[in-house]
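User: Please take a close look at one helix of this protein and describe how it sits in the fold.

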Amino acid sequence: MEDMMPLMTRATERTAGLVRAVRQEQLGLSTPCEKFDVKDLINHLEWVAEMFESLGRQGPRPEQGPYAGDFPERAERTLAAWSRPEAWEGASPAMGGLPMGVLAHMYLVDLVVHGWDLARATGQDYEPDPDAVSRALHFTDRMAEMGRQRGAFGAAVAVAGHAPPFDRLLGVIGRDPAWTP
């Protein structure tokens, strides 16, 4: 918990800042995440925050609701749920018995990568935390196949082995680091 909470917090704050900067006219723009335009991506982030808040309290996995425009507030509640030591204990029945530490890594990957998706789509600057990228890359290298089977990751995109860690992370989960709108 001690090493993950700062990473989760920084990733959440960076992504929340990106969401706050999105203008109404940008909501229909395409994103590197093929199944989402900007509005759908923010809605997905709202659901991610709601879900991981619930999971951090050993609650159920909620269904995704309609776009509400309140991702930053939901994300604050997620961090509050995970700041409790008991959030890190055991496994989540709602997620098929995955250990809570695995769920925390899943949240980190979502926030780091979807932050990039949003920044690319809306022309914002985005510099993910290097420690978060390192942790997310290590996690996805081990979990990529399961992520693909569950529909969370796309087919890997070839990226040079000497590419920066963030580009390698994007490639592992199915994003093209060179994507432009």
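Analyst: What follows treats helix H5 and then its surroundings. The model is a predicted one.

Helix H5 covers residues 130-149, 20 residues in total. From its first C-alpha to its last it reaches 27 Å, close to the 28 Å expected at 1.5 Å a residue. The helix nevertheless has a bend of about 65° at Met143.

At the N-terminal end, H5 is capped by Asp129. A side-chain oxygen of Asp129 lies 3.1 Å from the backbone nitrogen of Asp131. After the helix comes Gly151, with a positive phi near 80°.

Which residues of H5 are buried? They are Ala132, Val133, Ala136, Leu137, Phe139, Thr140, Met143, Ala144 and Gly147. Met143, where the helix bends, is thus listed among the buried positions. The cover over these buried residues includes helix H1 (4-21), H4 and helix H6 (165-173).

One of the covering helices, H4, spans residues 100-122 and contains Trp116. Trp116 has a relative accessible area of 5%, so it counts as buried. Leaving aside neighbours within four places in sequence, its contacts are Pro32, Tyr126, Phe166, Leu170, Arg175, Asp176, Pro177 and Trp179. Tyr126 is 10 residues from Trp116 in sequence, and their C-alpha atoms are 6.4 Å apart.

A second buried site is found in helix H3, residues 71-82, which holds Thr78. Thr78 is at 0% relative accessibility and is therefore buried, the cut-off being under 20%. With neighbours within four places in sequence set aside, Thr78 is in contact with Ala49, Glu50, Phe52, Glu53 and Tyr107.

As for the whole protein, the secondary structure amounts to six helices and two strands. Their order from the N terminus is α-α-α-β-β-α-α-α. The radius of gyration is 15 Å against 16 Å from the globule rule for 181 residues, so the protein is as compact as a globular protein of that length. The C-alpha trace spans about 40 × 40 × 30 Å along its principal axes.

Buried residues account for 50% of the 181 residues. Of the contacts between residues at least 6 apart in sequence, 66% join residues at least 24 apart. The protein exposes about 8600 Å², of which carbon and sulfur atoms supply 51%.

Methods:
Residues are numbered from 1 along each chain as its sequence is written. This is a predicted model: local features need pLDDT of at least 70, side-chain atom pairs count only at pLDDT 80 or more; totals for chains, interfaces and linings use all residues. Side-chain values use heavy atoms; hydrogens and water are left out. Helices (H or I, at least four residues) and strands (E, at least two) are DSSP runs, numbered from the N terminus. Buried means under 20% relative accessible area, exposed over 50%, partly exposed in between (1.4 Å probe, protein chains only). Contact means heavy atoms within 4.5 Å. The expected span of a helix is 1.5 Å times one less than its number of residues. The bend at a residue is the angle between axes fitted to the seven residues ending there and the seven starting there. A polar contact is a pair of N or O atoms within 3.5 Å; within protein, one must be able to donate a hydrogen and the other to accept it, and residues adjacent in sequence count only if both atoms are side-chain atoms. The radius of gyration is taken over C-alpha atoms; the globule rule is 2.2 Å times the number of residues to the power 0.38. Accessible areas come from the Shrake-Rupley method with a 1.4 Å probe; for residues, only the protein chains shown count as cover.
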